[in-house]
There are 2 protein chains.
Amino acid sequence: MLTEQGILDQLSQAGYRITRPRRAVIAALLEDEGHHSPAEVHERALVRCPTVGLVTVYRTLELLADLGLARRIHTDDGCHGYAGASHGHHHHLLCRHCGAAVEFEGCDLSPLFEKIGRTTGYCVDEHLLELIGLCPACQ
Amino acid sequence: MLTEQGILDQLSQAGYRITRPRRAVIAALLEDEGHHSPAEVHERALVRCPTVGLVTVYRTLELLADLGLARRIHTDDGCHGYAGASHGHHHHLLCRHCGAAVEFEGCDLSPLFEKIGRTTGYCVDEHLLELIGLCPACQ
DNA sequence: TTGTGTGCAAAATCTTTGCACTTCG
DNA sequence: CGAAGTGCAAAGATTTTGCACACAA
């Protein structure tokens, strides 16, 4: 799990400045394990830095994601969500009928990636997995 | 694989009307294996129904997705993409740098699905897997 | 014929950009 | 001090909604 301090260090090492708005965004992002829209992150960040603008939140989230310090999350409800980079590698399980979404973890696809990598020459380091089925209530 | 005719039948059975714009959207969606933004689907649909509006594309895609006849796909580039419902079994390997896409097969995720099914109570019968990495040329 | 479906235009969101001012280093 | 970072306002892009007309069934 990447801590706030760890992220700040990496930002700094990458040549970016540590500012109050950035601290606030990072803290807001790490506040819980969920993923949040830029607007939600902004709302939380305001608590720590009352002057921070939504624009800065967008820019900071993009920066963090590009540096691998945060992750972009995509779900049916609200695309463009972000989560701390190390908040588990979870995927979504969707109910085709009622649309309920559940997160799950523990997918170990490394063997598959290696196999694919050998076959295609690609260096696979990221993936998107979405499962679709029927939830218990809809079966 | 759900065919255009199959989708039309199901729409009809569900009490929805078969119209030219809807046919055009469905055909556009099934035209290839990829997933596309509403705007892309619209552009393709225009070939078959020159009067179809973007709004109708949005509404039709939403309807199809709700009925399970199309799927919403989320990726980093362009959220809100849609694909034919049965295209779930074609997987893509994308190069993050040059965008090259390769298809691959032979993913055997059944053990994972069973495990997830036991844990969550869901009956998993479809999935979307997308791998992202660097192609040999870009490494 | 009837009411679902459609297109248009406009509204509501969401995201990005330009620019002068701040502030970290 | 100098350049990166910020906030504001405005522009762009995307998605939704209201409404009168069109057309499947």
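Reader: What makes the pair formed by Arg22(A) and a phosphate oxygen of DNA strand D a polar contact?

Author: In this predicted model, a polar side-chain atom of Arg22(A) lies 2.8 Å from that oxygen. The cut-off for N or O pairs is 3.5 Å, so 2.8 Å qualifies.

Reader: Why does Val52(A) count as a polar contact of DNA strand D?

Author: Here the backbone does the work. A backbone N or O atom of Val52(A) is 3.2 Å from a phosphate oxygen of DNA strand D. That is within 3.5 Å, so the pair counts.

Reader: And what distance puts Tyr58(B) on the list?

Author: A polar side-chain atom of Tyr58(B) sits 2.4 Å from a phosphate oxygen of DNA strand D. The limit is 3.5 Å, so this pair is a polar contact.

Reader: Which elements give two or more residues to the surface near DNA strand D?

Author: Helix H2 (20–30) and H4 of chain A do, together with H4 of chain B.

Reader: Which residues come nearest to DNA strand D, and what share of the strand's atoms within 4 Å of the protein is sugar or phosphate?

Author: 17 residues lie around DNA strand D. Thr19(A), Val52(A), Thr56(A), Tyr58(B) and His80(B) come nearest. Sugar or phosphate makes up 67% of the strand's atoms within 4 Å of the protein, and bases supply the rest.

Reader: How many residues surround DNA strand C, and which are closest?

Author: DNA strand C has 17 residues around it, the closest being Tyr58(A), His80(A), Arg17(B), Thr19(B) and Thr56(B). Sugar and phosphate form 64% of the atoms of DNA strand C within 4 Å of the protein.

Reader: What makes Tyr58(A), Thr19(B) and Thr51(B) polar contacts of DNA strand C?

Author: Distance, each time to a phosphate oxygen. Tyr58(A) reaches 2.3 Å with a polar side-chain atom. Thr19(B) also uses a polar side-chain atom, at 2.7 Å. Thr51(B) uses a polar backbone atom, at 2.9 Å. These values are within 3.5 Å, so the pairs are polar contacts.

Reader: How does the surface near DNA strand C divide by class?

Author: Into 7 nonpolar, 5 polar and 5 charged residues. Helix H4 (54–66) of chain A, with helix H2 (20–30) and helix H4 (54–66) of chain B, each supply at least two residues there.

Reader: Why is Leu69(A) called buried?

Author: Its relative accessibility is 3%. Buried means under 20%, so Leu69(A) is buried. Leu69(A) sits in the loop between H4 and strand E1 (70–73) of chain A.

Reader: How far is Leu69(A) from Leu11(A), in sequence and in space?

Author: They are 58 residues apart in sequence. Their C-alpha atoms are 8.7 Å apart.

Notes. Residues are numbered from 1 along each chain as its sequence is written. Chains are lettered from A and ligands numbered from 1 in the order in which they are written. This is a predicted model: local features need pLDDT of at least 70, side-chain atom pairs count only at pLDDT 80 or more; totals for chains, interfaces and linings use all residues. Side-chain values use heavy atoms; hydrogens and water are left out. A residue is near a molecule or strand if one of its heavy atoms lies within 4 Å of it. A polar contact is a pair of N or O atoms within 3.5 Å; within protein, one must be able to donate a hydrogen and the other to accept it, and residues adjacent in sequence count only if both atoms are side-chain atoms. Helices (H or I, at least four residues) and strands (E, at least two) are DSSP runs, numbered from the N terminus. Ala, Val, Leu, Ile, Met, Phe, Trp, Tyr, Cys and Pro count as nonpolar, Asp, Glu, Lys and Arg as charged, and the others, Gly among them, as polar. Buried means under 20% relative accessible area, exposed over 50%, partly exposed in between (1.4 Å probe, protein chains only).
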